[in-house]
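Me: Please take a close look at one part of this structure and describe its surroundings in a connected account. I should like the local contacts first and the packing of the neighbouring elements afterwards.

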Amino acid sequence: MPIDHRLTPEHEELRRTVEEFAHEVVAPKIGEFYENHEFPYEIVREMGRMGLFGLPFPESYGGMGGDYLALGIALEELARVDSSVAITLEAGVSLGAMPVYRFGTEEQKREWLPRMCSGEILGAFGLTEPECGSDAGGTRTTARLDEDTDEWVVNGTKCFITNSGTDITGLVTVTAVTGRKPDGRPEISTVIVPSGTPGFTVAPAYSKVGWNASDTRELSFADVRVPKANLLGEEGRGYAQFLRILDEGRIAISALATGLAQGCVDESVAYAKSRTAFGRPIGDNQAIQFKLADMEMRAHTARIAWRDAASRLLHGEPFKKEAALAKLYSSEIAVTNAREATQIHGGYGFMNEYPVARMWRDSKILEIGEGTSEVQRMLIARELGLAAG
Ligand SMILES: Cc1cc2nc3c(=O)[nH]c(=O)nc-3n(C[C@H](O)[C@H](O)[C@H](O)COP(=O)(O)OP(=O)(O)OC[C@H]3O[C@@H](n4cnc5c(N)ncnc54)[C@H](O)[C@@H]3O)c2cc1C
């Protein structure tokens, strides 16, 4: 099937609106939030007002009635300018609200989605634990059903959870072992834990290399009790659910990585035209021009890759391999473009006041989060019919 590489007028209008927002609202303010390691509530509120958190959800749940392509377009345009706000949107939509939309009961959707779509509250996705990330099936957190009170009792620790400790965080969906399968393997389910539930504690924000205006926390659950009705989807389907959520999430991360890679081109072309050395703009040198041409080629190819995966998802076709290819490629080229952009900026590229310095610091996590590059290669190899390594 051909790749839909042209945007509809609606998608193009969305792209322009978010591009303008990123340049006029995000760009002037984000550097200060980033340096102070502060969550940019005012920017996030504005993103909520624009409907960005509701982009791929139906209007009946307070969404914009768009699709995953629309979400990718918004993420790419935001990340061209800043990745902290882009990951706040990505995690809020793909990891926070999407599990409720995909697997929740009608009651759960009505309770949570309208507020998540408006940006009034953020949802978080608690999968990773101190002892297991790539091997998420190794979850140690448990949820035991107390038959007397009809409540789940959750115990365990989750780490590196995005959007989980802001003033507007409303819930965390937590994967937990709820029993054993007949073959002895753990049965994993997903439980909704609202913020503020007694026994649920949120650690202070981590000190990170990048994404410094995004919220990332360790979470502890000590005999946390939530109603039986907070089970998300079927009992024992938690593993399948998070695989689906991560498959989709990889398209979103790929769009974000493409934006960062394109932002590196934007910044570097402008700098190469204005910076002079040896009596002429550095961009007049073929060595610099070739770097820029290669950077543009990589960003362009990454864009085609994520849009192809999104298009397959929208057409109800298998997209697992294409999502992994897009995520792997775009995250690795984002790191390459950020390194080259810094080089083109010379010493100024090492100064945090220049956006490319922020882009360099923000790029590395893209090869790690939502499945490392090694995990993507494992998935692609499996899709090629090779035995699980
Ligand atoms: C800023 C940030 C935000 C995050 N947000 C979230 C979130 O919102 N929710 C959430 O649940 N998680 C989140 N994560 C966690 C992230 O998804 C994990 O860090 C990631 O999946 C890797 O897991 P790990 O850190 O345990 O590394 P490990 O799994 O311990 O891997 C360590 C290294 O070993 C490699 N490796 C592991 N197994 C193999 C193998 N079989 N073959 C070859 N190489 C292998 C890995 O690729 C990696 O290079 C976030 C992480 C960060 C840093």
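Reply: The account below begins with a single loop residue and then turns to helix packing and backbone geometry. The model is a predicted one.

Arg80 lies in the loop that links helix 3 (68–79) to helix 4 (83–103). With a relative accessibility of 17%, under the 20% cut-off, Arg80 counts as buried. Leaving aside residues up to four places away in sequence, Arg80 touches Arg15, Glu19, Gly259, Leu260, Gln262, Gly263, Asp266 and Met359. Two polar contacts of its side chain can be given: one joins the side chain of Arg80 to that of Asp266 at 2.9 Å, and another joins the side chain of Arg80 to that of Glu77 at 3.3 Å. As for Ile121, 41 residues separate it from Arg80 in sequence, and the C-alpha atoms of the two are 25 Å apart in space.

Helix 3, which spans residues 68–79, packs against helix 7. The axes of helix 3 and helix 7 come within 9 Å and cross at roughly 155 degrees. Because this angle is over 145 degrees, helix 3 and helix 7 are roughly antiparallel to each other. Their crossing is right-handed. From helix 3, Tyr68, Leu69, Gly72, Ile73 and Glu76 take part, and they meet Arg303, Trp306, Arg307, Ala310, Leu313 and Leu314 of helix 7. By class, the residues of this contact divide into 7 nonpolar, 1 polar and 3 charged.

Helix 7 (residues 286–314) also packs with helix 6 (residues 238–274), at an angle of about 155 degrees and with the axes 9 Å apart. This angle makes helix 6 roughly antiparallel to helix 7. The crossing of helix 6 and helix 7 is left-handed, whereas that of helix 3 and helix 7 is right-handed. The contact of helix 6 with helix 7 has 16 nonpolar, 4 polar and 4 charged residues.

Two further residues deserve mention for their backbone geometry. Asp223, placed in strand 7 (residues 216–227), has a phi near 50 degrees, a positive value in a residue other than glycine. Glu370 likewise has a positive phi, near 50 degrees, and is not a glycine. Glu370 belongs to the loop between helix 9 (355–363) and helix 10 (373–383). Its relative accessible area of 13% is under 20%, so Glu370 is buried.

Conventions. Residues are numbered from 1 along each chain as its sequence is written. This is a predicted model: local features need pLDDT of at least 70, side-chain atom pairs count only at pLDDT 80 or more; totals for chains, interfaces and linings use all residues. Side-chain values use heavy atoms; hydrogens and water are left out. Axes are lines fitted to C-alpha atoms, for helices over the stretch in contact, and angles run from 0 to 180 degrees between N-to-C directions. Helices (H or I, at least four residues) and strands (E, at least two) are DSSP runs, numbered from the N terminus. Angles under 35 degrees count as roughly parallel, over 145 as roughly antiparallel, 65 to 115 as roughly perpendicular and the rest as oblique. A crossing is left-handed if the near helix is turned anticlockwise from the far one by less than a right angle, and right-handed if clockwise. Ala, Val, Leu, Ile, Met, Phe, Trp, Tyr, Cys and Pro count as nonpolar, Asp, Glu, Lys and Arg as charged, and the others, Gly among them, as polar. Buried means under 20% relative accessible area, exposed over 50%, partly exposed in between (1.4 Å probe, protein chains only). Contact means heavy atoms within 4.5 Å. A polar contact is a pair of N or O atoms within 3.5 Å; within protein, one must be able to donate a hydrogen and the other to accept it, and residues adjacent in sequence count only if both atoms are side-chain atoms.
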